[in-house]
Every structure is written in C-alpha cells, then in structure tokens.
Amino acid sequence: MLHTRGDVISGEHGNPVRMVGSCWDVTDLTEATRRLERSRSLLEATLNATADGLLVIDRRGRVAAYNSRLLDLWGLKSQDVEPRTFDEMLAAVHDQLENGDACLRQVREMESHPEAESFDSLRFLDGRFFERYSRPQRIGGEIVGRVWSYRDVSEREQIMRRAMFLADTTRLLASLDVEPALDAVAHMAVPYLGDGCAVDLLGEGGPRRLLVVSRDPARPMLISLHATVLAGHPLTYNVGPLSYMAAPLVIQDTVVGALSFVAPPTRRYTERDLELAEELARRAALSVQNARLYRGTQEALRARDEFLSIAAHEIRGPLTSMRLAVQLIQQGMSPDALPKALDIIQREDRRLARFVDELLDLGRIRSGQLHFNFEDVDLNEVLQDVTTRLRSELTRAGSPLSISTEGRTVGSWDRFRLNQLVSNIVSNAIKFGLGKPIEIRLRQEHDTVTLTVRDHGIGIPADRQEQVFQPFERAVSARHYGGLGLGLHIVRTIVSGLEGRVWLESEPGAGTTVYVTLPLKRAAA
Amino acid sequence: MNPDTAVMIVDDDEDVIEIGTLVLEAAGFRVVAAGDGVDALEILEREEPLLILLDLMMPIMDGEQFLQALRARNITHIPVILMSGYSGALEIAHEFSTAALLRKPVDMDVLLKTVRDVSRKRREEP
C-alpha cells in the first residue's frame with residue numbers, strides 16, 4: 001500500500017511557483033496499526049470477560065487499567081467513581097474490610113519491592129472472602145507498574161469452613177460420653193453458626209434442655225423448642241430482629257432431641273445454614289444412638305454375666321445338697337436319717353427341673369414360641385393346687401396364708417400356664433414376704449376375674465416397679481436373693497397370652513400387692 | 001452335747017442346712033443353723049460355736065455384710081469357713097482372712113476334713 005501526498009509551494013504573492021509530490025510505501029505501518037487494534041480489542045475483551053477483578057497501577061500509583069469486574073467486586077459503580085489513583089480506590093474499600101490496615105500495609109510493601117510477587121487474602125465484614133495476587137508489569141526489562149487481581153472465593157471458603165466445622169464436630173461426636181461431646185459441639189457452633197446454641201433431649205417427660213451456649217452470657221438464649229421441630233421437621237423463622245433455626249435429632253424415625261440456633265442481629269438464616277444445622281443434627285443423632293447402643297451392649301453384657309453367675313448359684317445350691325445326701329447314703333448312714341436324705345434328693349431334683357423349665361420358658365418367650373392350650377380351667381382349683389404345693393415353703397418362711405375366693409371361677413385358659421402364673425406370684429410373696437401374712441383374693445366381675453396377692457414384706461422401690469417385669473430384673477441385689485429374675489417376666493408374658501393385665505402396687509418396707517385380671521373368654525376365640 | 005463341738009451353718013438354703021446338719025451330726029458335731037446374717041448374729045449373742053460355715057448370697061444380711069459385722073464386734077477368734085459358689089468368694093476370703101473356702105457343690109469328705117482341721121486348730125489354740 002502506498003501513501004501519496006502533493007503540496008503546492010506558493011511564491012511571495014501567493015502564487016503557486018512549484019509543486020512537491022511524495023509517495024510512501026505504508027504497507028507495514030497499516031498492518032502494524034491493525035495488529036495493534038486487534039491486540040487492544042483482545043486485551044479489553046479478555047479483561048472484561050475474566051471472573052477476576054483486575055487492576056493495573058503504574059509506578060506513580062496511578063490507575064492504568066481496570067476491568068468492570070473489579071468495580072463489581074469492590075462495590076463501586078463506574079459512572080459514580082472514576083478511579084484515578086490506587087490510594088483513592090483503597091480508601092473507598094478500606095471500611096468494607098475486616099482488616100483494612102493490613103490490606104494497605106501489603107500494598108505499601110509491594111510498592112517498595114516492585115519486582116516482588118504477592119499472594120494474600122482479604123476478608124470482608126459481610127462475610128465475603130477474596131484472594132489477591134499481584135505481580136510486576138514489565139515493558140522490555142523495565143518494571144512500569146503492577147497488576148493486581150482479585151478473586152472472590154467466598155463460596156469455596158464457606159464450603160471449606162463448613163467442611164472443617166463438620167469434621168471438627170464429628171471428631172468431637174465420636175466420643176461415647178455424649179453429653180460433654182454435645183456441649184463441646186455447641187461451644188464450637190457459637191459464634192460460627194450463631195450467637196446462641198441450645199441442645200434439647202427428649203425424654204419420657206418431654207423435652208429437656210440439656211445445655212445452652214450463648215455468645216454473650218448476659219443475654220442467654222431463652223427461646224424454647226418449637227413444636228414443629230419436636231414433630232421432626234427442621235425450620236428457620238424470623239421474628240422482628242430475631243432469626244432462629246432448629247433441626248431435630250432423629251434416630252430411626254423417632255425424634256430424640258433437637259439442636260437450635262439463634263443468629264446475631266445482623267444475620268438472617270438461609271436454606272444453606274439450615275442444611276448445615278440438619279447435617280450437624282444428623283451427626284449428633286448418630287452420636288446419641290451410638291452411645292445408647294454402647295450403653296445397651298454394656299448393660300447386656302453385665303446382665304449376661306450376672307445371669308450366668310446367678311444361674312451357677314441356682315444350680316450349685318441343689319447340687320450341693322444332692323451330692324452330700326448321696327455321699328451320706330453311700331457311707332452307710334443311720335437308718336432313721338435315710339428318708340430325710342432321700343427327701344432332700346427328691347426336692348433338689350424338682351428344684352433343678354423347675355430351673356430348667358424356667359430357662360426353657362425364657363427361650364420360648366424370646367423366640368415367640370410360648371404356646372397356649374386353651375381349655376375350661378377353674379382358677380380357684382389352680383389356686384388351691386398351687387398353695388398346697390407351696391405349703392412347705394410357706395411353713396418354712398413362717399408366713400400365714402389367707403385365701404378369699406367365691407368358689408368355682410371357670411374361664412378359657414391354659415391350665416399349665418395358669419398354674420405357673422399363680423405359682424410365680426405366690427412364690428415371690430413367700431420369698432420377699434419376711435414371714436409376714438400373705439393374703440390372696442379371687443373376685444369375678446362380669447366377664448373378668450381379678451387375682452390379688454398381697455404380702456407385707458420388703459416391698460419394691462417406685463423406680464423398680466416397672467422394671468421387675470423385665471427379664472433378669474430384680475428389685476433386690478442378687479447377693480441377697482437368688483433366682484434368675486424371670487418370675488414376673490414370665491407372669492407378664494403368660495398374662496399377655498391370656499389377654500389379661502398385670503400390675504403391682506408396692507411400698508418399700510410395707511409390702512407388695514400384685515393384681516392380675518383375666519378375661520373368662522378370649523376376644524380372639 | 002458339748003458346746004465345744006457346735007458348728008454354726010449360715011445359709012438361706014434350707015436344704016443345705018438340713019443335709020449339712022445330717023452330715024455333721026453323723027460326724028459327731030452339733031449344728032446350730034441361721035438363715036441369714038442377722039439370725040446368725042442373734043445366735044452369737046447366746047452361744048459361741050467352734051466354727052462358722054458361711055454362705056455368701058443370702059437375704060437381709062449377706063455373708064460379706066455378716067463378716068463386716070463380726071469384725072465390727074471384734075468377733076475375730078471364731079474361725080469362718082466360706083461355703084459358696086459366689087464368683088467373688090475368693091476376694092472375700094482374702095479380705096477377711098477366713099479359715100477356708102469351699103466351693104459349692106462340695107464333697108462330703110472335703111467338707112468333713114476341713115471342718116475337722118479347722119476345729120482341731122481352734123481347740124489347740126491357747
């Protein structure tokens with residue numbers, strides 16, 4: 001491409017005297033200009049397309065270039081502010097930062113080391129988090145300024161902080177000592193998740209506030225648990241300046257408690273906050289469940305050991321008597337003592353057989369195979385049989401027995417199981433009756449019969465009265481009273497099979513009364 | 001009967017008391033029986049047996065509590081033979097320095113030999 005030019009050269013009076021013509025080949029220049037335009041366009045497009053905020057400052061601290069993303073990040077509008085110097089820009093954002101002074105120091109540090117590169121982070125008061133990189137700008141070998149780039153990593157930072165928070169709390173919740181663990185978690189949640197954190201556990205008497213942690217002890221968190229949460233639903237709600245959220249602790253579809261949080265006045269809980277609270281609640285619930293399972297296992301092991309120890313005791317007693325009786329006979333004892341020894345052997349044989357029956361019944365109850373053969377049975381007759389059989393035990397215990405009945409009381413029951421039921425209750429009255437009177441009453445009313453067995457013995461503390469119906473449970477120490485602790489458990493199982501009801505009233509030191517009501521006819525029959 | 005030959009059996013199992021009495025009487029001892037620790041302490045106020053055959057698991061006052069009661073009353077000169085199947089019996093035997101520990105079920109000759117040994121030792125004491 002040629003660039004041509006012609007000029008007229010005028011004389012003294014303005015008359016043209018000469019003409020000058022010139023001609024340049026501008027092919028290279030035009031190409032260079034076009035390339036420059038393309039480069040500028042590419043640079044601008046790139047600057048404005050990047051997600052990072054970019055700022056170029058020259059050696060004198062003047063703004064050489066910036067992109068629109070930078071203004072967005074700094075919350076500046078290009079029409080309001082035309083940034084001219086770095087200091088002006090820094091002054092505009094200083095108050096938005098958690099530590100504006102540190103940010104300035106870093107800038108000054110870089111000004112005094114033009115060749116250095118830098119990387120640091122800026123935390124904003126509103127929770128945003130930026131990473132800041134800078135490196136020198138060079139033309140040829142000469143440093144002419146510095147390029148600063150800012151990247152908003154708030155989301156990544158939040159995710160990381162949440163992950164770290166969850167990791168830390170999970171580590172705490174791995175403890176089997178669940179209440180101190182929940183306390184430590186609540187202390188970690190304040191202030192990360194709010195100004196206050198409360199942990200409620202649901203017991204038989206309703207929710208119980210286990211602990212409260214408040215950022216300002218002078219303003220404790222007083223909000224009580226919302227009914228929605230107790231019904232198993234997480235929620236957030238805002239009342240006036242207050243933002244609150246709570247997540248239930250759920251174990252196998254059952255609400256066992258809740259975590260609740262109250263936000264600082266400047267914060268409103270979001271869905272994401274609630275998600276985090278729910279995740280924390282899930283982990284806390286697992287911890288509670290874990291601790292419960294562990295306690296259950298420990299308790300089961302203790303019960304097993306105690307069971308084995310008692311079972312051994314129950315066998316050793318009769319075995320001792322039997323062995324001594326047999327060896328005494330073998331050694332040739334006096335003839336008048338022989339019937340006594342034989343009686344003992346027979347009694348011990350029965351004791352062991354009863355013991356084995358009890359164990360077998362327990363096995364049947366456990367596997368749900370306790371079967372009933374229903375036939376017409378006279379409960380009055382069963383009662384007479386049992387008390388006759390227990391006569392010698394009554395005599396030994398010294399307990400006078402009185403029975404009050406209304407004659408035949410016939411119902412559709414299982415004779416053997418009914419016998420066992422009455423026998424277990426009366427045996428308990430003898431065993432724990434301290435040799436005091438025992439009263440048995442049998443009353444029929446409409447289609448129901450009620451058996452009442454009252455003793456005046458040691459009684460059962462209130463907190464053990466329900467437990468004595470559980471297998472291996474006893475209201476007394478196994479060191480003092482033998483037996484497997486199955487009697488009332490078997491009673492309850494039989495009563496339930498006969499569609500009746502059993503309960504007791506008792507006072508320590510005053511005695512126990514056991515009530516059994518049985519329908520004469522089964523509803524199912 | 002010579003009071004010096006009396007053996008006290010403390011056991012809540014009536015059958016153990018009955019057969020124990022038969023065995024010991026056949027061997028020439030007199031037997032006094034108590035169903036628990038409280039019974040036994042009452043008897044001790046009236047008479048002093050040669051030795052005590054003691055079970056551990058009993059109502060009202062168990063064997064260990066009975067041994068503590070003896071210690072509290074300074075009754076340490078009457079030898080005690082523990083006769084029990086209780087798993088903690090060995091610890092209790094050590095704790096109270098009992099004369100012997102017999103595991104239930106016990107053989108008659110072992111029972112008699114132990115009772116004879118302990119009672120001989122008691123008689124030989126000044």
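**Notebook: ring pairs and the A–B contact**

I started at Tyr133(A), which counts as partly exposed because its relative accessibility is 30%. I kept in mind that this is a predicted model.

Next I looked up its ring partner. The centres of Phe119(A) and Tyr133(A) are 4.9 Å apart with the planes at 40°, so I logged the pair as tilted. I then placed both rings: Phe119(A) sits in strand β5 (residues 118-123) and Tyr133(A) in strand β6 (residues 129-139), 14 residues apart in chain A. Phe119(A) itself is exposed, at 51% relative accessibility.

I turned to a second pair, Tyr237(A) with Tyr244(A), also listed as tilted, at 4.7 Å centre to centre and 40° between the planes. Here Tyr244(A) is buried at 0%, while Tyr237(A) is partly exposed at 24%. I also found a cluster in which ring pairs link Trp74(A), Phe124(A), Phe130(A) and Tyr150(A). Over all chains I have 10 aromatic pairs.

Then I moved on to the interface. I find 27 residues of chain A and 28 residues of chain B in the contact. Together the chains bury about 2,700 Å², 58% of it on carbon and sulfur atoms. I noted that Leu324(A), Arg479(A) and His480(A) supply 29% of the area chain A buries there, more than any other three residues.

For the polar side, I have 6 salt bridges between the chains and 12 residue pairs in polar contact. On the chain A side, I see α8(A) giving the most, with 13 residues. By class, I logged that side as 11 nonpolar, 8 polar and 8 charged residues. My last look-up was the salt bridge from Asp15(B) to Arg396(A), with the closest N and O atoms 3.2 Å apart.

Terms used
Residues numbered from 1 in each chain as written. Chains lettered and ligands numbered in written order. Predicted model: local features only at pLDDT ≥ 70, side-chain atom pairs only at ≥ 80, totals over all residues. Heavy atoms only, no water. Contact = heavy atoms within 4.5 Å. Buried area = accessible area lost by both parts, 1.4 Å probe. Salt bridge = Lys/Arg side-chain N within 4 Å of Asp/Glu carboxyl O. Polar contact = N/O pair within 3.5 Å; in protein donor to acceptor, adjacent residues only side chain to side chain. Helix = DSSP H or I, 4+ residues; strand = E, 2+ residues; numbered from the N terminus. Nonpolar A, V, L, I, M, F, W, Y, C, P; charged D, E, K, R; others polar. Phe/Tyr/Trp six-rings, centres within 6.5 Å; stacked < 30°, edge-to-face > 60°. Buried < 20%, exposed > 50% of the residue type's maximum accessible area, 1.4 Å probe, protein only.
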